[in-house]
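Thanks for coming. I will take a few minutes on how two parts of one chain meet, and then on a single residue.

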Number of protein chains: 2
Amino acid sequence: MSEHEVKIPARQARSYAIRIGSDILGSVWPQMDAEFPKRGKFVVTDRNLASAGHLDRLLGQRQVATFVIDPPGETSKHVNTVISIVEAMEKAYLGRDSLIVALGGGTVGDIAGFAAAIFKRGVPVVQIPTTTVAQADSAVGGKTGVDSSISKNAFGAFWHPAAVYIDVATLNTLDERQFRAGLVESVKHALIADSQYFDFLEDKLNDVLERKLDVLEELARYNCRIKGNVVEADPNEQNQRRMLNYGHTIGHAVEAASGFELLHGEAIAIGIIAAGMIEIELQLGRPDRLDRIRRILEKLGVPVKLPHNLAEDELIDLMKRDKKAVNKWPRFVLISEIGGVFCRQGQWAVEVDPDVVAKVLQKL
Amino acid sequence: MSEHEVKIPARQARSYAIRIGSDILGSVWPQMDAEFPKRGKFVVTDRNLASAGHLDRLLGQRQVATFVIDPPGETSKHVNTVISIVEAMEKAYLGRDSLIVALGGGTVGDIAGFAAAIFKRGVPVVQIPTTTVAQADSAVGGKTGVDSSISKNAFGAFWHPAAVYIDVATLNTLDERQFRAGLVESVKHALIADSQYFDFLEDKLNDVLERKLDVLEELARYNCRIKGNVVEADPNEQNQRRMLNYGHTIGHAVEAASGFELLHGEAIAIGIIAAGMIEIELQLGRPDRLDRIRRILEKLGVPVKLPHNLAEDELIDLMKRDKKAVNKWPRFVLISEIGGVFCRQGQWAVEVDPDVVAKVLQKL
């Protein structure tokens with residue numbers, strides 16, 4: 001048997017811009033045309049965004065081929081939606097020199113980002129996130145994915161956006177529960193990376209909840225800086241990027257056990273409290289730190305206790321089946337201080353004794 | 001509006017091995033287990049390969065989750081097949097630490113490679129090509145793609161294999177027409193890159209057609225070296241890789257105009273003759289060179305003339321809609337000598353006056 005080696009050359013570093021402002025939706029299109037002049041554009045959005053007038057604000061009088069996801073939300077985050085989008089692009093005579101514009105929340109960004117990753121072996125995507133969770137988290141970082149008929153995120157790709165536009169004024173049409181739940185990812189960012197940001201959140205939370213645009217812009221800047229730095233250090237989630245899963249190990253189990261009755265951010269809030277209680281058990285933190293965190297989450301109006309109808313056994317069982325589990329038990333991201341993740345032997349997610357987790361769940 | 005830049009770091013160079021031998025299928029699995037010890041393996045193949053006994057030779061007594069594409073061939077190269085594969089992998093409890101093994105021709109490699117690219121944001125694929133065209137061409141280089149209900153290769157990704165195993169003994173079960181048509185890509189490789197390889201083909205063609213294993217191994221080594229070098233220089237088809245399209249601009253049009261009655265290699269043979277005639281018109285080559293090329297293709301038993309039922313107008317029309325066309329007219333890869341592509345101002349595909357093309361088609 002003879003052997004021949006094929007080298008795959010290094011891929012050069014590159015970068016993309018996140019532009020943040022208020023009421024900027026109407027000026028995004030000319031900027032995109034200047035930045036991507038030769039690309040045929042195709043918009044993916046959902047019925048909510050169209051009804052709220054954001055699609056009209058983006059397009060103005062322009063005639064642009066558009067796919068409106070209907071119904072909006074998780075049920076449409078299915079590979080069949082991606083197939084419909086690709087076929088709609090073909091019917092609009094778009095080819096490999098096209099560009100997809102994703103206008104919407106995390107679901108729209110995931111669907112449109114994945115469609116861009118696989119259309120004709122990949123075309124650029126511009127993300128225009130319109131929810132607190134998408135602006136803080138999912139629009140930056142390049143993770144895309146859709147569900148199969150069997151499980152969540154069965155299909156996906158790492159596909160970094162070519163540009164991101166954040167118009168905080170689009171948050172004005174978001175319903176109160178979604179708005180507040182999405183802010184939990186902002187609290188998470190502060191906890192893992194920036195104590196000054198945590199002080200800012202404590203200080204300005206009333207203004208945030210009143211949706212004051214200048215404060216929302218400041219919030220977006222903090223989030224993008226933190227998420228951007230983590231993604232830069234570990235774009236394909238080899239290790240350090242796992243810190244973004246703070247509160248998510250128990251949070252995901254809670255979300256699933258609630259039958260997705262709880263919003264993602266609401267479940268993560270409970271997961272953050274659980275992580276804080278584990279930190280106390282492991283003497284990584286004192287109760288006063290957790291009290292501070294609990295207060296800010298209570299002020300957001302998200303749950304900080306396990307709902308009565310969720311059984312601890314079921315949560316443990318769900319955690320054993322966590323996709324990141326090793327030998328049927330997941331690792332946990334923990335903090336050693338507000339703004340600093342506990343890192344042991346170079347690992348950003350550490351082992352925690354199942355007994356400790358069981359004890360915490362009972363108290364929760 | 002404020003702006004924040006996110007850097008996407010460079011990706012390191014890496015490499016993969018192509019191992020070439022005769023009757024090696026039975027020893028591939030232990031090698032894969034050694035190279036990828038912790039990955040759950042999943043085999044994608046088709047009914048022809050299973051019937052020919054190649055699947056049994058690969059697996060031995062091992063129980064391995066397998067997806068058998070049925071019917072084999074182009075009709076199954078559809079996104080729906082990829083969805084079925086992903087759902088079969090989920091039912092087999094495979095996750096992001098799995099590996100797909102593609103055993104088959106170009107269609108199997110394309111389907112399985114694309115499934116690997118998008119399953120759980122990407123898992124490795126090992127390619128085991130079993131046809132002359134896949135061993136010479138498609139198994140190396142990382143291009144994957146499947147069709148939508150509207151057009152060919154609507155979905156796809158660049159996804160380099162983690163390893164390639166070429167067992168030339170698998171060619172023994174290939175039918176004569178497929179075997180011969182697939183050899184046209186070998187002639188193409190010689191024409192664009194290696195005059196010594198062309199001499200070898202002229203010299204050894206009888207042994208190749210008798211499927212003598214040592215000569216087929218030598219052939220595979222030439223092909224992998226040439227294809228590997230081109231892919232290394234331009235992994236994502238920015239420019240130089242286009243030289244692999246020698247004979248393909250007119251060839252693709254002929255293939256489509258025949259309603260895919262002609263095999264890919266058969267259509268490319270006609271395209272290679274057409275390219276040679278264009279070279280004569282442009283004084284890039286003399287008729288004796290083209291005679292040499294025609295003789296080897298005739299000996300392969302593939303067509304070297306346009307079938308009577310194909311109209312030149314239709315071919316011109318199809319070329320205008322070529323996916324690589326610029327301003328509705330494609331560029332052509334031409335050679336200036338056997339083993340050397342004509343490169344003008346750094347471009348490996350050059351403009352040719354439509355009148356010249358029309359004249360050549362009339363003569364063809």
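Before anything else, a word on naming: helices and strands here are DSSP runs, at least four residues for a helix and at least two for a strand, numbered from the N terminus. Please keep in mind that this is a predicted model.

With that naming, A:Thr131 sits in the loop between strand E6 (125–129) and H6 of chain A. I will come back to this residue after the domains.

Chain A is assigned two domains, domain 1 at 17–174 and domain 2 at 202–363. Taken over C-alpha atoms, their centres are 27 Å apart. Domain 1 of chain A puts 18 residues into the contact, and domain 2 of chain A puts in 16. On the domain 1 side, the elements giving two or more residues are strand E2 (14–21) and helix H6 (132–138) of chain A. H6(A) gives the most to that side, with four residues. By class, the domain 1 side has 10 nonpolar, six polar and two charged residues.

Now back to the loop that leads into H6 of chain A. Is A:Thr131 buried or exposed? A:Thr131 counts as buried because 26 other C-beta atoms lie within 10 Å, and the cut-off for buried is 20 or more.

What does A:Thr131 touch, leaving out residues up to four places away in sequence? The list is A:Gly105, A:Gly106, A:Leu174, A:Gln178 and A:Gly182. As for A:Leu183, it is 52 residues from A:Thr131 in sequence, and C-alpha to C-alpha the two are 9.5 Å apart in space.

That is what I had on the loop and the domains.

Methods:
Residues numbered from 1 in each chain as written. Chains lettered and ligands numbered in written order. Predicted model: local features only at pLDDT ≥ 70, side-chain atom pairs only at ≥ 80, totals over all residues. Domains from an automatic or database assignment. Contact = placed C-beta atoms within 7 Å. Nonpolar A, V, L, I, M, F, W, Y, C, P; charged D, E, K, R; others polar. Buried ≥ 20, exposed ≤ 12 C-beta atoms within 10 Å, placed from the backbone.
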